[in-house]
Amino acid sequence: MLALIVACALWIRFVVVPRRPSDAGSAVPRRIPEGEARPSADGSGLRIVVNPSSGPALSRSPLEQLHEDLPAADIHELEEGDDVAALLADKKFGSIGAAGGDGTLAAAAAAAVDRDATFVAVPAGTLNHLARDLGLEAVDDAVEAVRAGTAVCMDVGTIDDRIFVNTLSFGGYAPVVDRREQLEHRIGKWPALLVALVWELPKMKPLRLEIDGRPMKVWLAWVGNGAYSPPGLAPMWRERLDDGLLDVRVVHGARRFSRTRFLLAALAGRLRKCHVYSEWTAEELAIVCLDGKQRIAADGEVFDGPESFTVSKKRRALRVAVPVPD
């Protein structure tokens, strides 16, 4: 039994959800012009909100290190009921940031776009997808970015007036996420995702959509802010954050046994050849939900979406502090 579990874990790790390769490309940072948008090396002019509940259990909070390394920065530890957007709206801070997981960073990034402020992303979550795509692996990297005064400009996705920096999902996503969150602390996120799919897919009904005028039935739909790698079930990284593209991945529901075909192809690492799955890139999507309003998730936050909406891009709208690579 133990050997079977190890074999399954290795199969998921290397076939279904491979890790970002060490030689994957990344954006080249540029010097931030002098002025309010560029924080001082000691953190003056910078406010950072810290989510104390982000990250794996027993992980160290970045609060102490941020106070020590950026002594002039305004560091605010989030409490229950705090509004991230309101805390980062004070215009006396020309640069704003957040320490936490992807949800916390996404909320702070939206505030930075609204204000055209430099954004400081401090990786302190479990997976840190956005931070890793920016080359930020630890708190030290964010501190070095502030001291260097360098940044990259990345695209943000939009669903009507709402911003997302990583992904947008709809269809059967909400119950899958609920189930995954119940399991991921015990078995890890991606194995939990596979278990959640197996558990929830039989209960789902396909969603009737029009995407760019094409009618289709969809079990799951996923849209990435930028082209992701690898192809298939678990897109993990982006080599560019300013490509102007949306990465669209759809599990179709029109064929018989489509869910079974999808799961078997996912486990075999052959989704690109599966007839009930498709992926493509686009600059904009016009989506109509023919079954009425649906639950939609943007950067993991689920909300009630409209019956029809447009997904598009704001090119190079978010300026993010990153260090100069070695």
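A residue counts as buried when its relative accessible area is under 20%, as exposed when that area is over 50%, and as partly exposed in between. The structure discussed here is a predicted model, and in this model Asp 212 has a relative accessible area of 43%, so it is partly exposed.

**Two aspartates with positive phi**

Asp 212 is found in the loop between strand E9 (207-211) and E10, and its phi is near 50°, a positive value in a residue other than glycine. Asp 116 also has a positive phi, of about 55°, although it is not a glycine. The loop that holds Asp 116 runs between H4 and E5. Because its relative accessibility is 51%, Asp 116 counts as exposed.

Another backbone feature is the cis peptide bond that joins Ser 229 and Pro 230, with omega at about -10°. Pro 230 has its place in the loop between strand E10 (214-225) and strand E11 (246-252).

**The nonpolar cores**

The largest nonpolar core has 32 residues, and Phe 119, Leu 134, Met 154, Val 165 and Leu 318 are the members that touch the most others. Two or more residues of this core come from each of several elements, including helix H3 (84-87), strand E4 (95-100), helix H4 (102-115) and strand E6 (150-159). Helix H4 gives the most, with eight residues. Leaving aside residues up to four places away in sequence, Leu 134 touches Val 152, Met 154, Leu 241, Val 320 and Val 322. A second core, separate from this one, has 23 residues, among them Ile 159, Met 216, Val 218 and Ala 282.

**Two buried strand residues**

Thr 118 is found in strand E5, which covers residues 118-123, and Thr 118 counts as buried because its relative accessibility is 0%. Its side chain is joined to that of Arg 319 by a polar contact of 2.9 Å. When residues up to four places away in sequence are not counted, those touched by Thr 118 include Ile 32, Ala 37, Gly 94 and Ala 321.

Which strand holds Val 311? Val 311 is found in strand E16, made of residues 308-321. With a relative accessible area of 0%, Val 311 is buried. Its C-alpha atom is separated by 9.7 Å from that of Ile 163, although the two residues are 148 apart along the chain. Beyond residues up to four places away in sequence, Val 311 touches several others, including Thr 158, Phe 164, Leu 246 and Glu 284.

**Aromatic rings**

A pair of aromatic rings is described by the distance of the centres and the angle of the planes. A search of the whole structure finds two aromatic pairs, and the table gives their values.

| Pair | Centre to centre | Angle between planes | Arrangement |
|---|---|---|---|
| Phe 170 and Phe 309 | 5.9 Å | 85° | edge-to-face |
| Trp 222 and Tyr 228 | 5.1 Å | 80° | edge-to-face |

The pair of Phe 170 and Phe 309 links distant parts of the chain, since Phe 170 lies in strand E8 (residues 167-171) and Phe 309 in strand E16, 139 residues apart. Phe 170 counts as buried at 2% relative accessibility, and Phe 309 counts as buried at 3%. In the other pair, Trp 222 is buried with a relative accessible area of 17%, and Tyr 228 is buried with a relative accessible area of 8%.

One more ring takes part in a contact with a charge: the charged end of Arg 162 sits over the ring of Phe 303, 4.0 Å from its centre.

Technical notes: Residues are numbered from 1 along each chain as its sequence is written. This is a predicted model: local features need pLDDT of at least 70, side-chain atom pairs count only at pLDDT 80 or more; totals for chains, interfaces and linings use all residues. Side-chain values use heavy atoms; hydrogens and water are left out. Helices (H or I, at least four residues) and strands (E, at least two) are DSSP runs, numbered from the N terminus. Buried means under 20% relative accessible area, exposed over 50%, partly exposed in between (1.4 Å probe, protein chains only). A polar contact is a pair of N or O atoms within 3.5 Å; within protein, one must be able to donate a hydrogen and the other to accept it, and residues adjacent in sequence count only if both atoms are side-chain atoms. Contact means heavy atoms within 4.5 Å. A nonpolar core is a set of buried Ala, Val, Leu, Ile, Met, Phe, Trp, Tyr and Cys residues joined through side-chain atoms within 4.5 Å. Rings of Phe, Tyr and Trp (its six-membered ring) pair if their centres lie within 6.5 Å; planes under 30 degrees apart count as stacked, over 60 as edge-to-face and the rest as tilted. A charge sits over a ring if NZ of Lys or CZ of Arg is within 6 Å of the ring centre and within 35 degrees of the ring normal.
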